[in-house]
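Colleague: Could you walk me through some of the words people use for a model like this one? I'd like to see how each label is earned.

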Amino acid sequence: MVSAPQKREGARVLKARRIPERRIATLLGISRTGMRYKVRPKPQDHLEDQIRALSAEHPRYGQIRIWALLRRAQVVVNHKAVARLWRKLGLQLTRRRPRRKVRTGESVPRIAEHPNHVWTYDFVFAWTMGGTSLKFLTLEDEYTRESLAIEVGRTFKALHVREVLARVIGERGVPKFIRSDNGPEFIAMEIGLWLKDQGIGAHLIDPGKPWQNSFAESFNARFRDECLNGELFHGVPEARVISQAFRRRFNEEHPHSSLGFHTPNEFAVICASGALPPNPRDLSPWATPGARRTRAGRTQPPPSGGPDPALGSHPCVALSSVQAMETLT
C-alpha cells in the first residue's frame with residue numbers, strides 16, 4: 001500500500017515533468033489539496049531529552065512504560081509519538097527469543113480476589129564478586145503486586161522463612177492462602193504446622209509447572225532484570241541495601257501495566273478507599289472505551305488527550321552499588 005508521503009513525492013516528480021495537476025491527482029488517487037500539503041513537524045527536542053533521560057535512569061524499561069512515566073509527570077504526549085521517538089533514538093531493547101513451553105492443567109489456581117487474599121514467595125539466586133552464592137527470599141501480594149519482603153542470605157532454613165512470614169503478618173495481617181513451589185524450605189513440616197496454626201492455607205504448585213506461580217515468577221524476572229543483573233555485590237550487607245532500595249522503588253515508583261499503570265502502593269490505596277472497579281484491569285488505559293484491537297487480538301491505547309490526574313507524579317531515585325557502599329560505611 002502506497003502511503004500519503006510517497007504519493008506526494010511521486011506527485012512532485014510528475015509535476016517536474018510538466019504533467020497537469022488534475023492528471024496527477026487522477027493517476028495517484030490523491031486530491032490536489034493533499035498534493036500541496038507540507039509536513040510541519042512539531043518541535044520535540046524537549047520530549048526527546050525527557051525520553052533519553054528516563055531511558056538512562058531506567059535502562060530496562062520499554063517504550064510503553066516510559067510513556068506511562070511521562071504521563072505520571074503530567075506530560076501531554078501520545079503513545080505513538082513516544083514510539084516514533086523511541087525508534088528514532090535507537091532505544092529499542094533486544095528481544096529475547098521465547099522458549100517453547102508445553103502447558104497443561106490449571107493456569108493459576110486460587111486467583112487472588114482482594115488484598116491479603118493470596119501471598120506468594122520464592123527464591124532468587126545471585127553471586128558475589130568473590131563467587132559465593134546469594135539467596136534472595138521474595139514475598140509478594142498477588143492482588144496488589146506489592147513486594148512485601150526481600151530477604152537475602154547465603155543460606156535459608158525453614159526457621160528463617162517462618163520468621164520473615166511472622167514479621168510481615170504482624171505488619172499486614174494474616175493472608176488466606178500462601179502459594180509456593182515445592183522447595184525444601186516451603187514443604188518443611190515446621191512451616192506446614194506453623195501455617196496451619198495461623199489459619200493460612202498452603203498451596204503448593206504442581207511439580208514442573210512454574211506458570212502456576214506466575215506472579216512470583218514475574219516479580220523475580222523483574223527483580224533480576226532491573227536489579228541483580230546490573231549490580232556487582234561484595235557481600236550480604238551490600239546486597240541487602242540494594243535489594244531493599246529496589247523493593248521501595250518497585251512499590252512506590254514502578255508503573256504496573258496490569259494495575260492501570262499505577263504503582264503497587266497507589267493501587268493498594270485505591271483498594272482501601274473502595275474505589276476499585278470489579279475488574280482491576282479496567283483501570284488500565286488499554287481498557288478505556290477509545291481503545292481498539294489489533295489484528296493480533298491485542299489492544300492498543302487510544303490517543304491521550306491529557307495526563308490522568310490519578311496517575312500522580314513521583315520522582316524516580318535509583319541506588320547504585322557505590323551509593324549502597326556509602327550507606328553501609
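Modeller: Sure, let's start with burial: a residue is buried under 20% relative accessible area, exposed over 50% and partly exposed in between, using a 1.4 Å probe and protein chains only. This is a predicted model, where local features need pLDDT of at least 70, side-chain atom pairs count only at pLDDT 80 or more, and totals for chains, interfaces and linings use all residues. Residues are numbered from 1 along each chain as its sequence is written, and side-chain values use heavy atoms, leaving out hydrogens and water.

Colleague: Why does phenylalanine 223 count as buried?

Modeller: Its relative accessibility is 0%, and the cut-off is under 20%, so phenylalanine 223 is buried.

Colleague: What makes the aromatic pair of phenylalanine 223 and phenylalanine 246 tilted?

Modeller: Rings of Phe, Tyr and Trp (its six-membered ring) pair if their centres lie within 6.5 Å; planes under 30 degrees apart are stacked, over 60 edge-to-face and the rest tilted. Here the centres are 5.1 Å apart with 40° between the planes, so "tilted" it is. Phenylalanine 246 is buried too, at 1%.

Colleague: Why are α4 and α6 called roughly perpendicular?

Modeller: Helix α4 (residues 45-57) and helix α6 (residues 79-88) pack at about 70°. Angles under 35 degrees count as roughly parallel, over 145 as roughly antiparallel, 65 to 115 as roughly perpendicular and the rest as oblique, so these two helices are roughly perpendicular.

Colleague: How do you know that lysine 135 lies over the face of phenylalanine 123?

Modeller: The rule wants NZ of Lys or CZ of Arg within 6 Å of the ring centre and within 35 degrees of the ring normal. Lysine 135 lies over that face at 4.4 Å from the ring centre.

Conventions
Axes fitted to C-alpha atoms, helices over the stretch in contact; angles between N-to-C directions. Helix = DSSP H or I, 4+ residues; strand = E, 2+ residues; numbered from the N terminus.
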